[in-house]
Amino acid sequence: MSREGALLVMAGVAVVLLALLAWAWVRRTRRDARYTVPVGELPENAVETAMFPGLYVATTRHDEPLERLAIKGLGFRSRVDITVTTLGVALDLPGQPRIALTRDRLVDAAQATVAIDRVVERDGLTRISWRIDDNTVVDTYLRPQDASAKALADAIRPLILTTGSDA
């Protein structure tokens, strides 16, 4: 085979792979279109208790850290400012409306090591488990920059309502 022929075969394979990736992402976004994030502000009487700049890593199915959800506003890694208040947690991602996770949505806050394609040092991520709707719990993974993942989880944990309704 000539050099040009090999180049055409390689380019063809690359185009097919890119098309398959695009097709898979479109299917995933259609599958997850039923989910919407709670956008808006936390209640007016919420008092800020902590602020953490960091990185938004992913949102996945609950207890399935390798199954990314393609939810509008949470589909891609990004910088994030995490504001912990007395009434919930706000996530501010660039170019997106504020995501407000009120106390009634929060299920758990813990540390994690792996999510999707991100592996960090032991317990280097914060995992926030929250209700995206009445019947579905998801996990959002964050990586604080100026504090430990434990500090972020510890700041969120007191907000979790313990009414006996676990995920």
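Okay, let's start with a pair of strands: S4 and S5 run antiparallel to each other and pair over four bridges. I should say right away that this is a predicted model. The two strands make a hairpin, with six residues between them. Have a look at Gly 95 in that turn, where phi is positive, about 75 degrees. And if you want one rung of the ladder to find on screen, take Val 89, whose bridge partner in S5 is Leu 101.

Let me zoom out for a moment. How many helices and strands does the protein chain have? There are two helices and ten strands. Reading from the N terminus, you get α-β-β-β-β-β-β-β-β-β-β-α, with a helix at either end of that run of strands. The C-alpha atoms fill a box of roughly 70 × 35 × 30 Å along the principal axes. The chain has 167 residues, and 39% of them are buried. If you take the contacts with a separation of 6 or more, 63% of them join residues 24 or more positions apart.

Now, the inside. The largest nonpolar core has 28 residues. Which of them touch the most other members? Those are Ile 82, Leu 91, Leu 106 and Trp 130. Several elements give two or more residues to this core, and they include strand S1 (48–61), strand S3 (78–85), our hairpin strands S4 (88–92) and S5 (99–102), and helix H2 (149–156). Strands S6 (106–112), S9 (125–133) and S10 (136–144) are on that list too.

Let's stay with Leu 106 for a second. Leaving out residues up to four places away in sequence, Leu 106 touches Val 89 and Leu 101, the two bridge partners from before. It also touches Ile 128, Ser 129, Trp 130 and Arg 131, and then Ile 156, Leu 159 and Ile 160. There's another core as well, lying apart from the big one: it has seven residues, among them Ala 58, Ala 112, Val 120 and Leu 125.

Next, a residue in S6, namely Gln 111. Is Gln 111 buried, exposed or partly exposed? Its relative accessible area is 27%, so Gln 111 is partly exposed. Skipping neighbours within four places in sequence, Gln 111 is in contact with Asp 123, Leu 125, Arg 127, Ala 149 and Lys 150. You can also check Gln 111 against Arg 122: they sit eleven residues apart in sequence, and their C-alpha atoms are 8.6 Å apart in space.

That brings me to Asp 123, one of those contacts of Gln 111. Asp 123 is in the loop between strand S8 (118–119) and S9. Its phi is positive, near 60 degrees, and this isn't a glycine. With a relative accessible area of 29%, Asp 123 is partly exposed.

Where else do we get a positive phi without a glycine? At Asp 63, with a phi of about 60 degrees. Asp 63 is in a loop too, between S1 and strand S2 (64–68). Asp 63, though, has a relative accessible area of 55%, so we call it exposed.

Last bit, the outside. The chain exposes about 9600 Å², and carbon and sulfur atoms supply 56% of that. On charges, there are 21 positive and 21 negative ones, and their mean positions are 6 Å apart. That's my tour, thanks!

Methods: Residues are numbered from 1 along each chain as its sequence is written. This is a predicted model: local features need pLDDT of at least 70, side-chain atom pairs count only at pLDDT 80 or more; totals for chains, interfaces and linings use all residues. Side-chain values use heavy atoms; hydrogens and water are left out. A nonpolar core is a set of buried Ala, Val, Leu, Ile, Met, Phe, Trp, Tyr and Cys residues joined through side-chain atoms within 4.5 Å. Buried means under 20% relative accessible area, exposed over 50%, partly exposed in between (1.4 Å probe, protein chains only). Contact means heavy atoms within 4.5 Å. Accessible areas come from the Shrake-Rupley method with a 1.4 Å probe; for residues, only the protein chains shown count as cover. Lys and Arg count as positive and Asp and Glu as negative; His and the chain ends are not counted. The place of a charge is taken as NZ of Lys, CZ of Arg, CG of Asp or CD of Glu. Two strands pair if DSSP finds at least two bridges between them.
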